[in-house]
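Q: Please take a close look at how this chain is divided into domains and how those parts meet. Set that against the overall build of the chain.

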Amino acid sequence: MQRNEESIALHPKSSEAFARAQKSIPGGVNSPARAFGAVGGTPRFMVRGEGAHVIDLDGHRYIDYIGSWGPMILGHAHPDVLQAIGDTASRGTSFGAPTEAETRLAELIIAAVPSIEKVRLVNSGTEATMSAIRLARGFTGREKVVKFAGNYHGHVDSLLVAAGSSAATLSVPNSPGITQGAADNTIVLSYNDASAVCELFAQRGEEIAAVILEPVVGNMGCVIPDPSFLDVLRKETQAHESVLIYDEVMTGFRVAYGGAQSLQGIKPDLTTLGKIVGGGLPAAAYGGRAEIMDHILPAGPIFQAGTLSGNPLATAAGISMLEQLADPDVYLRLEALGNRLQQGLDRAAAKIPHSVARVGSMLTLFFNPEKVTNWAIAEACDLERFALYFHGMLRRGIYLPCSQYEAMFVSAAHTEEDIDQTIAAAADVFSEWG
Ligand SMILES: *Cc1c(COP(=O)(O)O)cnc(C)c1O
(Lines give C-alpha, C1' and ligand atoms only; values in the text may rest on other atoms or scores of the structure.)
Protein backbone atom coordinates (compact mmCIF):
# COMPACT_ATOMS: atom_id res chain seq x y z
CA MET A 1 0.00 0.00 0.00
CA GLN A 2 2.78 2.37 1.01
CA ARG A 3 4.52 1.59 -2.26
CA ASN A 4 1.38 2.45 -4.22
CA GLU A 5 0.98 5.81 -2.46
CA GLU A 6 4.62 6.67 -3.02
CA SER A 7 4.31 5.70 -6.70
CA ILE A 8 1.31 7.97 -7.16
CA ALA A 9 3.08 10.94 -5.53
CA LEU A 10 6.25 10.61 -7.60
CA HIS A 11 4.61 9.34 -10.78
CA PRO A 12 1.21 10.96 -11.22
CA LYS A 13 1.17 10.49 -15.00
CA SER A 14 2.20 6.82 -14.94
CA SER A 15 -0.33 6.18 -12.18
CA GLU A 16 -3.10 7.84 -14.16
CA ALA A 17 -2.10 5.99 -17.34
CA PHE A 18 -2.12 2.69 -15.46
CA ALA A 19 -5.58 3.35 -13.99
CA ARG A 20 -6.89 4.16 -17.46
CA ALA A 21 -5.21 1.08 -19.02
CA GLN A 22 -6.77 -1.22 -16.44
CA LYS A 23 -10.22 -0.28 -17.68
CA SER A 24 -9.59 -1.59 -21.18
CA ILE A 25 -6.66 -4.06 -20.89
CA PRO A 26 -6.72 -6.98 -18.40
CA GLY A 27 -4.49 -5.91 -15.53
CA GLY A 28 -3.50 -2.83 -17.54
CA VAL A 29 -0.66 -4.61 -19.37
CA ASN A 30 -0.19 -6.75 -22.47
CA SER A 31 2.29 -9.08 -20.77
CA PRO A 32 2.11 -9.82 -17.03
CA ALA A 33 5.82 -9.31 -16.30
CA ARG A 34 5.32 -5.57 -16.86
CA ALA A 35 2.84 -5.09 -14.02
CA PHE A 36 5.18 -4.97 -10.96
CA GLY A 37 3.07 -7.81 -9.51
CA ALA A 38 6.01 -9.38 -7.66
CA VAL A 39 7.30 -6.14 -6.12
CA GLY A 40 4.21 -3.93 -5.71
CA GLY A 41 3.74 -0.35 -6.91
CA THR A 42 2.74 1.14 -10.23
CA PRO A 43 4.54 0.26 -13.45
CA ARG A 44 6.25 3.16 -15.21
CA PHE A 45 4.82 4.01 -18.62
CA MET A 46 7.65 4.65 -21.06
CA VAL A 47 7.74 7.32 -23.72
CA ARG A 48 11.28 7.13 -25.07
CA GLY A 49 14.48 5.09 -25.12
CA GLU A 50 17.95 6.49 -25.81
CA GLY A 51 20.82 4.02 -25.83
CA ALA A 52 21.02 2.48 -22.36
CA HIS A 53 18.41 4.84 -20.92
CA VAL A 54 14.60 4.98 -20.86
CA ILE A 55 12.42 7.99 -20.03
CA ASP A 56 8.97 7.63 -18.46
CA LEU A 57 5.74 9.66 -18.77
CA ASP A 58 6.62 11.77 -15.72
CA GLY A 59 9.97 12.70 -17.26
CA HIS A 60 12.18 10.49 -15.06
CA ARG A 61 15.25 9.02 -16.72
CA TYR A 62 16.50 5.54 -15.84
CA ILE A 63 19.53 3.41 -16.63
CA ASP A 64 17.74 0.43 -18.18
CA TYR A 65 18.69 -3.17 -17.38
CA ILE A 66 15.64 -4.75 -19.00
CA GLY A 67 16.32 -3.81 -22.61
CA SER A 68 12.78 -4.90 -23.55
CA TRP A 69 13.53 -8.17 -21.66
CA GLY A 70 16.50 -8.93 -23.89
CA PRO A 71 16.23 -7.64 -27.46
CA MET A 72 17.89 -4.23 -27.07
CA ILE A 73 21.47 -5.48 -26.86
CA LEU A 74 22.69 -2.46 -28.85
CA GLY A 75 20.60 -0.03 -26.79
CA HIS A 76 17.34 1.74 -27.60
CA ALA A 77 16.71 3.57 -30.86
CA HIS A 78 19.96 2.45 -32.47
CA PRO A 79 20.33 4.66 -35.57
CA ASP A 80 21.31 1.83 -37.97
CA VAL A 81 18.39 -0.35 -36.91
CA LEU A 82 15.98 2.61 -37.22
CA GLN A 83 17.36 3.41 -40.66
CA ALA A 84 16.86 -0.17 -41.82
CA ILE A 85 13.26 -0.18 -40.55
CA GLY A 86 12.49 3.22 -42.11
CA ASP A 87 13.98 2.37 -45.52
CA THR A 88 12.05 -0.87 -45.62
CA ALA A 89 8.76 0.65 -44.43
CA SER A 90 8.78 3.17 -47.26
CA ARG A 91 8.54 0.27 -49.72
CA GLY A 92 5.60 -1.47 -48.01
CA THR A 93 5.30 -3.29 -44.71
CA SER A 94 3.97 -6.75 -45.61
CA PHE A 95 3.35 -8.74 -48.78
CA GLY A 96 2.53 -12.31 -47.80
CA ALA A 97 4.93 -13.32 -50.56
CA PRO A 98 8.61 -14.21 -50.17
CA THR A 99 11.31 -11.52 -50.02
CA GLU A 100 15.07 -11.89 -50.40
CA ALA A 101 15.60 -10.31 -46.99
CA GLU A 102 14.13 -13.42 -45.34
CA THR A 103 16.82 -15.56 -46.98
CA ARG A 104 19.47 -13.06 -45.90
CA LEU A 105 18.34 -13.28 -42.26
CA ALA A 106 18.20 -17.09 -42.48
CA GLU A 107 21.74 -17.12 -43.88
CA LEU A 108 22.99 -14.88 -41.07
CA ILE A 109 21.40 -17.17 -38.45
CA ILE A 110 22.85 -20.29 -40.06
CA ALA A 111 26.32 -18.71 -40.24
CA ALA A 112 26.11 -17.70 -36.57
CA VAL A 113 24.69 -20.85 -34.96
CA PRO A 114 26.66 -23.97 -35.91
CA SER A 115 23.86 -26.52 -35.31
CA ILE A 116 21.33 -24.72 -37.54
CA GLU A 117 21.28 -25.92 -41.15
CA LYS A 118 17.80 -24.66 -42.00
CA VAL A 119 15.59 -22.16 -40.21
CA ARG A 120 11.96 -20.96 -40.22
CA LEU A 121 11.06 -17.40 -39.21
CA VAL A 122 8.07 -16.87 -36.91
CA ASN A 123 6.73 -13.95 -34.85
CA SER A 124 7.45 -14.72 -31.20
CA GLY A 125 9.49 -16.96 -28.96
CA THR A 126 6.31 -18.75 -27.94
CA GLU A 127 5.55 -19.55 -31.55
CA ALA A 128 9.10 -20.81 -32.04
CA THR A 129 9.00 -23.27 -29.11
CA MET A 130 5.44 -24.37 -29.93
CA SER A 131 6.48 -25.10 -33.51
CA ALA A 132 9.71 -26.85 -32.49
CA ILE A 133 7.77 -29.15 -30.14
CA ARG A 134 5.24 -30.00 -32.84
CA LEU A 135 8.06 -30.70 -35.27
CA ALA A 136 9.88 -32.93 -32.75
CA ARG A 137 6.66 -34.89 -32.11
CA GLY A 138 5.87 -35.21 -35.80
CA PHE A 139 9.43 -36.23 -36.64
CA THR A 140 9.73 -38.89 -33.91
CA GLY A 141 6.10 -40.04 -33.82
CA ARG A 142 6.28 -39.76 -30.00
CA GLU A 143 4.34 -37.58 -27.55
CA LYS A 144 6.28 -36.98 -24.33
CA VAL A 145 8.32 -33.83 -23.87
CA VAL A 146 10.82 -33.35 -21.04
CA LYS A 147 11.35 -29.89 -19.56
CA PHE A 148 13.06 -28.54 -16.44
CA ALA A 149 11.44 -26.80 -13.49
CA GLY A 150 11.92 -23.04 -13.61
CA ASN A 151 12.68 -22.97 -17.35
CA TYR A 152 10.26 -20.80 -19.33
CA HIS A 153 9.51 -21.51 -22.96
CA GLY A 154 6.71 -19.05 -23.65
CA HIS A 155 3.00 -19.61 -23.03
CA VAL A 156 2.69 -22.88 -24.95
CA ASP A 157 0.08 -25.10 -23.20
CA SER A 158 2.27 -28.17 -22.82
CA LEU A 159 5.24 -26.09 -21.63
CA LEU A 160 3.39 -24.01 -19.03
CA VAL A 161 4.12 -26.69 -16.48
CA ALA A 162 6.57 -25.85 -13.69
CA ALA A 163 7.47 -22.77 -15.72
CA GLY A 164 8.92 -20.91 -12.80
CA SER A 165 6.63 -21.50 -9.85
CA SER A 166 4.95 -24.85 -9.22
CA ALA A 167 6.70 -27.78 -7.55
CA ALA A 168 9.07 -29.86 -9.61
CA THR A 169 8.40 -33.32 -11.04
CA LEU A 170 4.58 -33.23 -10.78
CA SER A 171 2.96 -32.30 -14.08
CA VAL A 172 0.74 -29.61 -12.61
CA PRO A 173 -0.39 -26.97 -15.14
CA ASN A 174 0.67 -23.41 -14.25
CA SER A 175 -2.55 -21.92 -15.52
CA PRO A 176 -6.27 -22.65 -15.59
CA GLY A 177 -7.26 -23.50 -19.15
CA ILE A 178 -4.42 -25.94 -19.71
CA THR A 179 -5.84 -29.43 -19.98
CA GLN A 180 -4.52 -32.28 -17.90
CA GLY A 181 -3.97 -34.01 -21.24
CA ALA A 182 -1.50 -31.32 -22.33
CA ALA A 183 0.24 -31.44 -18.95
CA ASP A 184 0.35 -35.25 -18.91
CA ASN A 185 2.56 -35.30 -21.98
CA THR A 186 5.10 -33.09 -20.22
CA ILE A 187 7.63 -34.61 -17.86
CA VAL A 188 9.32 -32.15 -15.50
CA LEU A 189 12.76 -32.75 -14.05
CA SER A 190 15.04 -30.62 -11.89
CA TYR A 191 17.64 -28.50 -13.74
CA ASN A 192 21.22 -29.78 -13.45
CA ASP A 193 20.05 -33.21 -12.25
CA ALA A 194 21.87 -35.50 -14.69
CA SER A 195 21.05 -38.72 -12.84
CA ALA A 196 17.29 -38.03 -13.08
CA VAL A 197 17.73 -37.64 -16.84
CA CYS A 198 19.57 -40.98 -17.09
CA GLU A 199 16.96 -42.73 -14.98
CA LEU A 200 14.07 -41.36 -17.03
CA PHE A 201 15.65 -42.34 -20.34
CA ALA A 202 16.46 -45.83 -19.03
CA GLN A 203 12.77 -46.32 -18.13
CA ARG A 204 10.90 -44.41 -20.82
CA GLY A 205 13.40 -43.36 -23.48
CA GLU A 206 11.29 -44.76 -26.33
CA GLU A 207 8.36 -42.45 -25.43
CA ILE A 208 10.32 -39.21 -25.40
CA ALA A 209 9.93 -36.96 -28.45
CA ALA A 210 12.05 -34.11 -27.14
CA VAL A 211 13.97 -32.57 -24.29
CA ILE A 212 13.75 -28.76 -24.18
CA LEU A 213 15.84 -26.52 -21.97
CA GLU A 214 17.30 -23.06 -21.56
CA PRO A 215 21.03 -23.79 -22.00
CA VAL A 216 21.74 -20.88 -19.66
CA VAL A 217 18.56 -20.16 -17.73
CA GLY A 218 17.28 -16.61 -17.69
CA ASN A 219 13.76 -17.22 -16.44
CA MET A 220 14.52 -18.22 -12.85
CA GLY A 221 17.18 -15.55 -12.74
CA CYS A 222 20.49 -16.35 -14.42
CA VAL A 223 21.30 -20.00 -13.67
CA ILE A 224 24.32 -21.75 -15.12
CA PRO A 225 24.26 -25.40 -16.25
CA ASP A 226 26.85 -27.99 -15.22
CA PRO A 227 28.84 -29.15 -18.25
CA SER A 228 28.20 -32.77 -17.19
CA PHE A 229 24.42 -32.15 -17.19
CA LEU A 230 24.61 -30.84 -20.76
CA ASP A 231 26.76 -33.81 -21.85
CA VAL A 232 24.29 -36.30 -20.41
CA LEU A 233 21.39 -34.58 -22.19
CA ARG A 234 23.18 -34.77 -25.52
CA LYS A 235 24.21 -38.42 -25.06
CA GLU A 236 20.85 -39.69 -23.78
CA THR A 237 18.78 -37.93 -26.45
CA GLN A 238 21.14 -39.22 -29.14
CA ALA A 239 21.08 -42.79 -27.79
CA HIS A 240 17.26 -42.81 -27.68
CA GLU A 241 16.68 -40.82 -30.89
CA SER A 242 14.89 -38.02 -29.06
CA VAL A 243 15.18 -34.44 -30.27
CA LEU A 244 17.31 -32.11 -28.12
CA ILE A 245 15.90 -28.57 -28.29
CA TYR A 246 17.93 -25.64 -27.02
CA ASP A 247 15.60 -22.77 -26.26
CA GLU A 248 17.94 -19.88 -27.00
CA VAL A 249 15.19 -17.26 -27.29
CA MET A 250 16.98 -15.36 -24.54
CA THR A 251 20.59 -16.57 -24.87
CA GLY A 252 20.85 -16.51 -28.68
CA PHE A 253 23.10 -13.60 -29.77
CA ARG A 254 23.15 -12.59 -26.07
CA VAL A 255 25.74 -14.74 -24.27
CA ALA A 256 27.69 -15.12 -27.53
CA TYR A 257 27.00 -14.50 -31.22
CA GLY A 258 26.46 -18.25 -31.71
CA GLY A 259 24.39 -18.57 -28.54
CA ALA A 260 25.05 -20.64 -25.42
CA GLN A 261 25.67 -23.72 -27.57
CA SER A 262 28.73 -22.10 -29.14
CA LEU A 263 30.21 -21.52 -25.67
CA GLN A 264 29.35 -25.03 -24.53
CA GLY A 265 30.51 -26.87 -27.66
CA ILE A 266 27.25 -28.81 -27.92
CA LYS A 267 25.09 -29.21 -31.00
CA PRO A 268 21.38 -29.56 -30.23
CA ASP A 269 19.06 -30.95 -32.93
CA LEU A 270 16.78 -27.90 -32.88
CA THR A 271 17.24 -24.36 -31.57
CA THR A 272 14.67 -21.66 -30.92
CA LEU A 273 15.59 -17.97 -31.21
CA GLY A 274 13.68 -14.76 -30.50
CA LYS A 275 14.23 -11.45 -28.74
CA ILE A 276 17.53 -10.17 -30.25
CA VAL A 277 16.93 -11.88 -33.62
CA GLY A 278 14.05 -9.45 -34.28
CA GLY A 279 16.09 -6.35 -33.50
CA GLY A 280 13.30 -5.07 -31.22
CA LEU A 281 10.48 -5.97 -33.61
CA PRO A 282 8.36 -9.12 -33.42
CA ALA A 283 10.46 -11.86 -35.04
CA ALA A 284 11.67 -15.22 -33.83
CA ALA A 285 12.95 -18.41 -35.42
CA TYR A 286 13.39 -22.12 -35.04
CA GLY A 287 15.98 -24.14 -36.87
CA GLY A 288 18.29 -27.10 -36.78
CA ARG A 289 19.29 -30.21 -38.67
CA ALA A 290 18.05 -30.09 -42.26
CA GLU A 291 16.84 -33.69 -41.98
CA ILE A 292 14.39 -32.60 -39.27
CA MET A 293 13.52 -29.15 -40.64
CA ASP A 294 12.57 -30.62 -44.02
CA HIS A 295 9.58 -32.25 -42.33
CA ILE A 296 7.90 -28.82 -42.21
CA LEU A 297 5.22 -27.97 -44.80
CA PRO A 298 5.61 -27.51 -47.77
CA ALA A 299 8.90 -29.49 -47.73
CA GLY A 300 7.23 -32.13 -45.53
CA PRO A 301 3.91 -32.90 -43.82
CA ILE A 302 4.10 -30.97 -40.53
CA PHE A 303 1.94 -27.85 -40.61
CA GLN A 304 3.24 -24.46 -39.51
CA ALA A 305 2.38 -21.08 -41.06
CA GLY A 306 2.15 -17.36 -40.35
CA THR A 307 0.57 -14.36 -42.13
CA LEU A 308 3.28 -12.01 -40.84
CA SER A 309 6.16 -14.53 -40.55
CA GLY A 310 9.33 -13.06 -42.04
CA ASN A 311 7.66 -9.63 -41.95
CA PRO A 312 9.81 -7.14 -43.89
CA LEU A 313 10.18 -4.63 -41.02
CA ALA A 314 11.11 -7.26 -38.44
CA THR A 315 13.44 -8.96 -40.89
CA ALA A 316 15.19 -5.67 -41.71
CA ALA A 317 15.64 -4.88 -38.01
CA GLY A 318 16.97 -8.39 -37.37
CA ILE A 319 19.44 -8.24 -40.25
CA SER A 320 20.76 -4.85 -39.10
CA MET A 321 21.13 -6.17 -35.56
CA LEU A 322 22.93 -9.38 -36.52
CA GLU A 323 25.26 -7.60 -38.94
CA GLN A 324 26.41 -5.32 -36.15
CA LEU A 325 26.71 -8.14 -33.63
CA ALA A 326 28.96 -10.09 -36.01
CA ASP A 327 31.78 -7.86 -34.75
CA PRO A 328 33.44 -9.81 -31.88
CA ASP A 329 34.38 -6.52 -30.18
CA VAL A 330 30.72 -6.10 -29.18
CA TYR A 331 30.88 -9.25 -27.06
CA LEU A 332 34.24 -8.27 -25.54
CA ARG A 333 32.66 -5.00 -24.50
CA LEU A 334 29.57 -6.73 -23.09
CA GLU A 335 31.78 -9.15 -21.15
CA ALA A 336 33.84 -6.30 -19.67
CA LEU A 337 30.75 -4.29 -18.68
CA GLY A 338 29.01 -7.39 -17.29
CA ASN A 339 32.06 -8.30 -15.25
CA ARG A 340 32.36 -4.76 -13.88
CA LEU A 341 28.71 -4.84 -12.82
CA GLN A 342 28.99 -8.31 -11.27
CA GLN A 343 32.09 -7.41 -9.22
CA GLY A 344 30.54 -4.11 -8.12
CA LEU A 345 27.18 -5.57 -7.04
CA ASP A 346 28.97 -8.38 -5.23
CA ARG A 347 31.03 -5.80 -3.27
CA ALA A 348 28.02 -3.58 -2.61
CA ALA A 349 26.05 -6.54 -1.19
CA ALA A 350 28.99 -7.87 0.88
CA LYS A 351 27.09 -7.68 4.18
CA ILE A 352 23.87 -9.20 2.83
CA PRO A 353 23.29 -12.91 2.17
CA HIS A 354 23.49 -13.12 -1.61
CA SER A 355 25.04 -14.76 -4.64
CA VAL A 356 25.62 -13.37 -8.13
CA ALA A 357 25.42 -15.39 -11.33
CA ARG A 358 26.47 -14.10 -14.73
CA VAL A 359 27.15 -15.25 -18.26
CA GLY A 360 28.39 -12.35 -20.40
CA SER A 361 25.81 -9.57 -20.25
CA MET A 362 23.12 -11.65 -18.43
CA LEU A 363 23.24 -11.34 -14.66
CA THR A 364 21.24 -11.91 -11.47
CA LEU A 365 21.85 -10.82 -7.89
CA PHE A 366 20.07 -13.52 -5.85
CA PHE A 367 19.04 -12.80 -2.26
CA ASN A 368 20.15 -16.28 -1.31
CA PRO A 369 23.71 -17.08 -0.15
CA GLU A 370 23.59 -20.49 -1.80
CA LYS A 371 24.67 -20.80 -5.42
CA VAL A 372 21.44 -21.15 -7.45
CA THR A 373 21.56 -24.25 -9.65
CA ASN A 374 17.88 -25.28 -9.79
CA TRP A 375 14.36 -24.08 -9.03
CA ALA A 376 14.27 -25.43 -5.48
CA ILE A 377 17.23 -23.21 -4.55
CA ALA A 378 15.91 -20.25 -6.56
CA GLU A 379 12.62 -20.52 -4.71
CA ALA A 380 14.38 -20.02 -1.37
CA CYS A 381 15.43 -16.44 -2.27
CA ASP A 382 14.32 -13.62 0.05
CA LEU A 383 11.69 -11.98 -2.18
CA GLU A 384 10.83 -9.21 0.29
CA ARG A 385 14.46 -8.11 0.14
CA PHE A 386 14.34 -8.24 -3.62
CA ALA A 387 11.28 -5.95 -3.64
CA LEU A 388 13.04 -3.46 -1.34
CA TYR A 389 16.13 -3.55 -3.54
CA PHE A 390 14.05 -3.12 -6.70
CA HIS A 391 12.21 -0.05 -5.40
CA GLY A 392 15.35 1.42 -3.85
CA MET A 393 17.09 1.18 -7.20
CA LEU A 394 14.10 2.55 -9.11
CA ARG A 395 14.04 5.64 -6.85
CA ARG A 396 17.72 6.13 -7.68
CA GLY A 397 17.08 5.99 -11.43
CA ILE A 398 17.98 2.34 -12.05
CA TYR A 399 15.38 0.29 -13.91
CA LEU A 400 15.77 -3.39 -13.00
CA PRO A 401 13.62 -6.37 -13.98
CA CYS A 402 10.70 -6.35 -11.51
CA SER A 403 11.23 -9.96 -10.37
CA GLN A 404 13.98 -11.92 -8.62
CA TYR A 405 13.45 -14.51 -11.33
CA GLU A 406 14.40 -12.39 -14.33
CA ALA A 407 17.94 -11.66 -15.45
CA MET A 408 19.39 -8.15 -15.82
CA PHE A 409 20.66 -7.32 -19.29
CA VAL A 410 23.60 -5.06 -20.04
CA SER A 411 23.72 -3.52 -23.52
CA ALA A 412 26.63 -2.31 -25.62
CA ALA A 413 25.23 1.20 -25.14
CA HIS A 414 25.87 1.14 -21.39
CA THR A 415 28.99 3.04 -20.34
CA GLU A 416 31.35 2.39 -17.45
CA GLU A 417 29.79 5.46 -15.83
CA ASP A 418 26.33 3.89 -16.10
CA ILE A 419 27.66 0.72 -14.46
CA ASP A 420 29.45 2.61 -11.70
CA GLN A 421 26.36 4.73 -11.01
CA THR A 422 24.35 1.50 -10.72
CA ILE A 423 26.84 -0.02 -8.27
CA ALA A 424 26.84 3.18 -6.18
CA ALA A 425 23.03 3.13 -6.09
CA ALA A 426 23.07 -0.50 -4.89
CA ALA A 427 25.65 0.32 -2.19
CA ASP A 428 23.42 3.20 -1.07
CA VAL A 429 20.31 0.97 -0.96
CA PHE A 430 22.10 -1.72 1.05
CA SER A 431 23.64 0.78 3.47
CA GLU A 432 20.07 1.71 4.51
CA TRP A 433 19.53 -1.90 5.57
CA GLY A 434 22.13 -1.54 8.36
C1 LIG B 1 11.09 -14.80 -23.75
C2 LIG B 1 11.26 -16.27 -23.86
C3 LIG B 1 10.34 -17.06 -24.56
C4 LIG B 1 9.04 -16.52 -25.12
O5 LIG B 1 9.24 -15.58 -26.11
P6 LIG B 1 8.02 -14.56 -26.46
O7 LIG B 1 8.54 -13.80 -27.63
O8 LIG B 1 7.80 -13.75 -25.23
O9 LIG B 1 6.84 -15.40 -26.81
C10 LIG B 1 10.61 -18.41 -24.73
N11 LIG B 1 11.74 -18.94 -24.23
C12 LIG B 1 12.64 -18.22 -23.54
C13 LIG B 1 13.87 -18.87 -23.04
C14 LIG B 1 12.42 -16.86 -23.33
O15 LIG B 1 13.29 -16.15 -22.61
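A: Here is the domain division, followed by the chain as a whole.

This is a predicted model: local features need pLDDT of at least 70, side-chain atom pairs count only at pLDDT 80 or more, and totals for chains, interfaces and linings use all residues. Numbering starts from 1 along each chain as its sequence is written, and side-chain values use heavy atoms, without hydrogens and water.

The protein chain splits into domain 1 (2–77 + 328–431) and domain 2 (79–325). These bounds come from an automatic or database domain assignment. The C-alpha centres of domain 1 and domain 2 lie 26 Å apart. Domain 1 puts 29 residues into the contact, and domain 2 puts in 33. Contact means heavy atoms within 4.5 Å.

Now the whole chain. It holds 15 helices and 14 strands. Both are DSSP runs, numbered from the N terminus: helices are H or I with at least four residues, strands are E with at least two. The radius of gyration is 21 Å, close to the 22 Å from the globule rule for 434 residues, so the protein chain is as compact as a globular protein of that length. That radius is taken over C-alpha atoms; the rule is 2.2 Å times the number of residues to the power 0.38. The C-alpha atoms fill a box of roughly 60 × 55 × 45 Å along the principal axes.

Of contacts between residues at least 6 apart in sequence, 71% join residues at least 24 apart. Buried residues make up 57% of the 434; buried means under 20% relative accessible area (1.4 Å probe, protein chains only).

Key:
Buried < 20%, exposed > 50% of the residue type's maximum accessible area, 1.4 Å probe, protein only.
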